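Here's a quick walk through a two-chain model, aimed at someone who likes to check geometry before doing anything else. Have the viewer open and follow along.

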Amino acid sequence: MISTAQTASGAMAVIDAKAVRAEIGKDRLLKMYRQMLLIRRFEEQASVAYEARKIAGFLHAYIGQEAVQTGFYDHLDPKRDATVTSYRCHALALLCGLDPKELMAELFGKVTGNVRGKGGSMHFFSKEKNMLGGHGIVGGQIPVGTGAAFSAKYKKTGGVSVTYLGDGASPQGTFHESLNMASLWNLPAIYVIENNMYGMGTACTRASSVQDIAAAKAPGYNMASFTFDGLDLYASWKTAQQAIALARSGKPVLIEAKTYRYRGHSVSDAATYRTKEEVDKYKLLDPIERIKADLITEKWLTDAGAEQLYEQVVTQIKEALTFSDESPEPPLSELTRHVYAE
Amino acid sequence: MSALMAHPLKASRKLDTKQGDPLNGHKGVLLSDGNQLLSMRMALCQALYEEMKRDPTIFVMGEEVAQYNGAYKVTKGLLDEFGAERVIDTPITESGFAGLAVGAAMTGLRPVIEFMSWNFSFPAFDQIISNASKMCYMTGGMFPIPLVMRGPNGAGPRVSSQHSHAVEALYSHFPGLIVVSPSTPYDAKGLMKTALRQNNPVCFLENEMLYNYEQDIPTSEYLIPFGKGDIKREGTDCTIVAISRSVHWALEAADELAKEGISCEVVDPRTIKPLDIELIANSVRKTNRCVVVEECYKTGGIGAEIATQLMELVFDDLDAPVGRVTTTENPMPYAANLEHETLPKPHRIVAAVKKACYR
């Protein structure tokens, strides 16, 4: 299968899926497949728990977009590289290797949760993995990611920061301000626009003056850019490899992943602003199913092995749900704790 | 003893004449008694200088802070001393660099950002409120934000509506922020050093009209803790709680009132959040009267908060309702006479104290 990545110069770089697959290799591809399965199952089951009123507030599913952050994370070293994203943050936390138990418990509002039941679905974090959130204000995380790149340069760690944002965040002022600073100061910053075509219920065509956001805007900041098929793990992985190399050399990069979310903006969104046909069309391109098929074709995975892998993930999420159910709510002493640093 | 009593302000502009340069960076004028004479801006600069020497994770960022030496010269000389990696001129991009500072604070650095004036913090409001103030809490304590946001606050001279805000009440409203508002060089230096050694986001509100105030302060190191107010003048008849520049107006008013036999105690909380309400309450237990003076607006202002807390703490000790002298409830006008009437100037303080004393 052929996918394309487009550079800011307009040149179309052809991604040879077979070659990229060979470069990734069996072990890493299996690992990424399992990560995507885990993200998918986590969010499917979280949605079920939401319907059962065990989870409240907002719940923004990443379902359909898994290939984007999974392909990127495979290249990152959390000891020196930082990541930050929007409120659609479950996937990044799982990719960081955080235990589904603490993440699900956070959704359940329990003290055993990732941030002690104080953040909920939009605010997953990890100090150890340099994962800076989980941010609830559209575009609010973009300068934060820029700051992580600033720190890497200041401390000369060789690290990069990867900031994820939606198409809906690109019209925000923080986007412009961050890209300008990153380019001006040669920060090792990567900005990934995950264009899932809708900012809540407003189509990107109704919100953005340009539709190829990265390709159109990067030249304005004197930045390199890439655009890739976000439903294709190989395109994501290959783009990330190139972009991270550029960023490590002190050149910030703007990237756009053309992707799609199968669910509504959040669990409460019936998504009446798009057709069933459109959703079905993208479901046929499901990033996880495609990788599964390739793994089987390559004989890197048998049907029985796939079944076994899936059951492992199901069990892991089931355990997370049980753990969350059984965990206590935060004690009332937590109410005013952590308002200030201890 | 109070800082002001121990280290009186100099009314004369000694530094201007001695140095030929009132904007002398961090180097004070050594005095024969072992103290040093410093202006407010130099005291702030000295605190930054000393702490940057001590802690390599501190960097200073903002508009005109480096090559221009700061719009108000508070950062004068820091670029020469610490280089462009640590003293960084930004584009005019307040939301951008405030958010960058939050990200830097989350990844091991200790940023100091300058808002050329706190009026320009409004484009960065989301970063200050949604990110800086809430990060420690919403991460369950995982990511404290050691961040100092500083710059001049309150009315400048004749700069009208958009450049005259006082933001003490605004930023004090939000849990997670520390709000500091010093009135003297001594306090400014000690509080800035504290700000640079703790792990919370601090709104450090300076005052443009106080940058030239001079004071003898020690050359030896000292820190002033947050939440400890200071009595700037002792008195027995009425407590005047005043903040930042208002402290000096209150002292003027106290001089006037003394001529009429009214003895005022001027209490400077120094930090609005945390607020040293015990010091204020103890003063009121003695004087039984209180007037609060501030540059914020009356509605939802610091005076409203202090009056309420006094009602809760010393209701039975009060012989009169707590008075409030604030900026009048209008955007700052340009005309000199209107500007004068808008601000909580001494004549309004005198009237409010007399009212509280039934005089």
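What follows goes from the chain contact to helix packing, domains and a few backbone oddities.

## Where the chains meet

Keep in mind that this is a predicted model. Start with the interface: 33 residues of chain A are in contact with 33 residues of chain B. On the chain A side, two helices each put in at least two residues, namely H6 (141-155) and H7 (173-184). Which of the elements gives the most to that side? That would be H6(A), with 10 residues.

As for chemistry, the chain A side that touches chain B splits into 15 nonpolar, 12 polar and six charged residues.

## Two helices crossing in chain A

Next, pull up helix H2 (residues 26-51) and helix H12 (residues 303-326), both in chain A. Their axes come within 9 Å and cross at roughly 40°. Are they parallel or oblique to each other? An angle from 35 to 65 degrees falls outside both the roughly parallel and the roughly perpendicular ranges, so H2(A) and H12(A) count as oblique. The handedness of the crossing, as H2(A) passes H12(A), is right-handed.

If you want to highlight the contact, select A:Arg34, A:Leu37, A:Leu38, A:Arg41, A:Phe42, A:Gln45 and A:Ala49 on H2(A). Their counterparts on H12(A) are A:Leu309, A:Tyr310, A:Val313, A:Val314, A:Gln316, A:Ile317 and A:Leu321. Sorted by class, this helix contact holds 10 nonpolar, two polar and two charged residues.

## Domains in chain B

Over in chain B, the domain assignment gives domain 1 (3-218) and domain 2 (230-356). The C-alpha centres of these two domains of chain B sit 25 Å apart. Contact between them involves 25 residues of domain 1 and 26 residues of domain 2.

What does domain 1 of chain B bring to that contact? The elements giving two or more residues are helix H1 (3-6), helix H8 (168-172), strand E8 (178-180) and helix H9 (185-195) of chain B. The residues on this side of domain 1 of chain B break down as 14 nonpolar, eight polar and three charged.

## Cis peptide bonds

Now for the backbone. As background, most peptide bonds are trans. A cis bond joins A:Gly133 and A:Gly134, though, with omega at about 10°. A:Gly134 is part of strand E4 (residues 131-134) of chain A.

Chain B has a cis peptide bond as well, linking B:Lys273 and B:Pro274, with omega at about 0°. Where is B:Pro274? Look in the loop between strand E14 (271-273) and helix H11 (277-287) of chain B.

## Positive phi outside glycine

Most residues other than glycine have a negative phi. A:Met197 goes the other way: its phi is positive, near 80°. You'll find A:Met197 in the loop between strand E6 (189-195) and strand E7 (198-199) of chain A. Is A:Met197 buried or partly exposed? Being buried takes 20 or more other C-beta atoms within 10 Å; A:Met197 has 18, so it counts as partly exposed.

B:Glu64 is also a non-glycine residue with a positive phi, of about 70°. B:Glu64 lies in the loop between strand E4 (58-62) and helix H4 (78-82) of chain B. With 17 C-beta neighbours inside 10 Å, B:Glu64 is partly exposed.

How values were computed
Residues are numbered from 1 along each chain as its sequence is written. Chains are lettered from A and ligands numbered from 1 in the order in which they are written. This is a predicted model: local features need pLDDT of at least 70, side-chain atom pairs count only at pLDDT 80 or more; totals for chains, interfaces and linings use all residues. Two residues are in contact if their C-beta atoms, placed from the backbone, lie within 7 Å. Helices (H or I, at least four residues) and strands (E, at least two) are DSSP runs, numbered from the N terminus. Ala, Val, Leu, Ile, Met, Phe, Trp, Tyr, Cys and Pro count as nonpolar, Asp, Glu, Lys and Arg as charged, and the others, Gly among them, as polar. Axes are lines fitted to C-alpha atoms, for helices over the stretch in contact, and angles run from 0 to 180 degrees between N-to-C directions. Angles under 35 degrees count as roughly parallel, over 145 as roughly antiparallel, 65 to 115 as roughly perpendicular and the rest as oblique. A crossing is left-handed if the near helix is turned anticlockwise from the far one by less than a right angle, and right-handed if clockwise. Domain bounds come from an automatic or database domain assignment. A residue is buried if 20 or more other C-beta atoms lie within 10 Å of its own, exposed if 12 or fewer, and partly exposed in between; C-beta atoms are placed from the backbone.
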